[in-house]
Amino acid sequence: FSFPDDKKPPKYLVPLLVSIELLFIPLYYYNLLATGANYIGGIQGWGWGFGPLWFLFDIFFDGCFILGIYSIYLKYKNYPPGEARTKARFMFWGLIIGVVPPSFVNIILPRLGHFEFNWTGPVSMFFWFSVIGYSIIRYQQMSVKSVAAEIFVLVMAILLIGNIFADKFAFG
């Protein structure tokens, strides 16, 4: 809603999305969306199963991405040639490259029982970062200083959270 004009989203949007997510909490708690974690022998990892209401997550998650991509596509097609259209084009193609392949291999294929391609999801993120990074640097998609500050804060948050778990396991 706010890209690339930097407008505030509609007032109803944030409360609506928070309310929907709050409705998902009991569904997770009672294993209606995903069943408990199970140890999978041979690959030394943990797995989970689909709950009877998993389709609700599919509808919400995929619906948000589809609506977002469609919104940017409309902006890309309706803007007159110029800077705003170029920004919308890079964002649209960046999302197509970075969101569609991982969504397909990490959401749709596992639903059909195929988990062997999950490793390709993170690989496509490299292409997404490349397209978005190029548009940030070349077309000033966003303030480079703001992006650098956000990355710094994200790295610090990851390190602090990791430190909490490292302390728990080292001294627990």
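**Reading the packing around helix α2**

Q: Which hand does the crossing of α2 and α3 have?
A: In this predicted model, the crossing of α2 and α3 is left-handed.

Q: What else describes the packing of these two helices, and at what angle do α2 and α3 pack?
A: In general, a pair of packed helices is described by the angle between the axes together with the distance that separates those axes. Here α2 and helix α3, which spans residues 83-111, pack at an angle of about 160°, and their axes lie 9 Å apart. Because angles over 145 degrees count as roughly antiparallel, α2 is roughly antiparallel to α3.

Q: Which residues of α2 meet α3?
A: The α2 side of the contact includes Trp54, Phe55, Asp58, Phe61, Asp62, Phe65, Ile69 and Ile72, while among the residues they meet in α3 are Arg85, Ala88, Met91, Phe92, Trp93, Leu95 and Ile107. By class, the residues of the contact of α2 with α3 divide into 17 nonpolar, no polar and seven charged.

Q: How is the packing of α1 against α2 read, and within what distance do their axes come?
A: The same two quantities, angle and distance between axes, serve for any two packed helices. The axes of helix α1 (residues 13-29) and α2 come within 11 Å, crossing at roughly 155°, and α1 and α2 are therefore roughly antiparallel to each other. The crossing in which α1 passes α2 is left-handed. Leu17, Ile20, Glu21, Phe24, Leu27 and Tyr28 of α1 make this contact with Leu56, Phe57, Phe60 and Cys64 of α2, and by class it has nine nonpolar, no polar and one charged residues.

Q: How does the span of α2 compare with what is expected at 1.5 Å a residue?
A: Helix α2, covering residues 54-78, has 25 residues and reaches 36 Å from its first C-alpha to its last, which is close to the 36 Å expected.

Q: Which residues in α2 are buried?
A: Buried here means under 20% relative accessible area, and the buried residues in α2 are Trp54, Phe57, Asp58, Phe60, Asp62, Ile69, Ile72, Lys75 and Tyr76. Of these, Phe57 and Phe60 take part in the contact with α1, whereas Trp54, Asp58, Asp62, Ile69, Ile72, Lys75 and Tyr76 meet α3.

Q: What is the order of elements along the chain?
A: From the N terminus on, the elements run α-β-β-α-α-α-α, which comes to five helices and two strands. Buried residues make up 26% of the 172 residues in the chain, and among its contacts with a separation of 6 or more, 46% are between residues 24 or more positions apart.

Terms used: Residues numbered from 1 in each chain as written. Predicted model: local features only at pLDDT ≥ 70, side-chain atom pairs only at ≥ 80, totals over all residues. Heavy atoms only, no water. Helix = DSSP H or I, 4+ residues; strand = E, 2+ residues; numbered from the N terminus. Expected span 1.5 Å × (residues − 1). Buried < 20%, exposed > 50% of the residue type's maximum accessible area, 1.4 Å probe, protein only. Axes fitted to C-alpha atoms, helices over the stretch in contact; angles between N-to-C directions. Parallel < 35°, antiparallel > 145°, perpendicular 65-115°, else oblique. Left-handed = near helix turned anticlockwise from the far one by under 90°. Contact = heavy atoms within 4.5 Å. Nonpolar A, V, L, I, M, F, W, Y, C, P; charged D, E, K, R; others polar.
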